[in-house]
Amino acid sequence: MFETHTSRISTGELNRFLGELREAREPPSRGGRRLNLLYGTQTQTRPPRYRFFVNDPGLITRDYGYWVENQLRRRFDLNGVPVAIDFVRRS
């Protein structure tokens, strides 16, 4: 558990994971605009914190945010580890 709590996921691996998410489920849309998961990075360990860059953070629904978190936990074996995900607008 401690190893998982302090491990890092490489940016390349995280971005491949985001590509799989884009293919697995259509992102939410509103007003003719669709959410686009652009890329991500891990910004912190203990506990793990991730920053996912998107075209418009206002398009993230609660359901979609939880789905992304659950997929991240499943893929990288983060069950039982507190995880934080920040969806931010690409500058």
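**Exercise 1.** In this predicted model, find the residue with which E20 forms a salt bridge, and work out which parts of the chain the pair ties together.

*Solution.* Begin with the side chains: E20 forms a salt bridge with R75, and their closest N and O atoms are 2.6 Å apart. Next, place the two residues in the chain: E20 belongs to helix 2 and R75 to helix 3, so the pair ties together parts that lie 55 residues apart in sequence. Finally, consider accessibility: E20 has a relative accessibility of 41% and counts as partly exposed, while R75, with a relative accessible area of 36%, is partly exposed.

**Exercise 2.** Decide whether R33 and D56, whose side chains meet in a salt bridge, are each buried, partly exposed or exposed.

*Solution.* The cut-offs come first: buried means under 20% relative accessible area, exposed means over 50%, and partly exposed lies in between. R33 has a relative accessible area of 41%, so R33 is partly exposed, whereas D56, at 14%, is buried. The N to O distance of this pair is 3.6 Å, and R33, D56 and R89 are linked in a network of salt bridges.

**Exercise 3.** Name the helices and strands that each supply at least two residues of the largest nonpolar core, and then trace the contacts of L72.

*Solution.* The largest nonpolar core has 20 residues, and L72 is one of those with the most contacts inside it. Helix 2, strand 4, helix 3 and strand 5 each supply at least two residues of this core. Leaving aside neighbours within four places in sequence, L72 is in contact with L14, F17, Y50, L78, V83 and I85.

Notes: Residues are numbered from 1 along each chain as its sequence is written. This is a predicted model: local features need pLDDT of at least 70, side-chain atom pairs count only at pLDDT 80 or more; totals for chains, interfaces and linings use all residues. Side-chain values use heavy atoms; hydrogens and water are left out. A nonpolar core is a set of buried Ala, Val, Leu, Ile, Met, Phe, Trp, Tyr and Cys residues joined through side-chain atoms within 4.5 Å. Buried means under 20% relative accessible area, exposed over 50%, partly exposed in between (1.4 Å probe, protein chains only). Helices (H or I, at least four residues) and strands (E, at least two) are DSSP runs, numbered from the N terminus. Contact means heavy atoms within 4.5 Å. A salt bridge is a side-chain nitrogen of Lys or Arg within 4 Å of a carboxyl oxygen of Asp or Glu.
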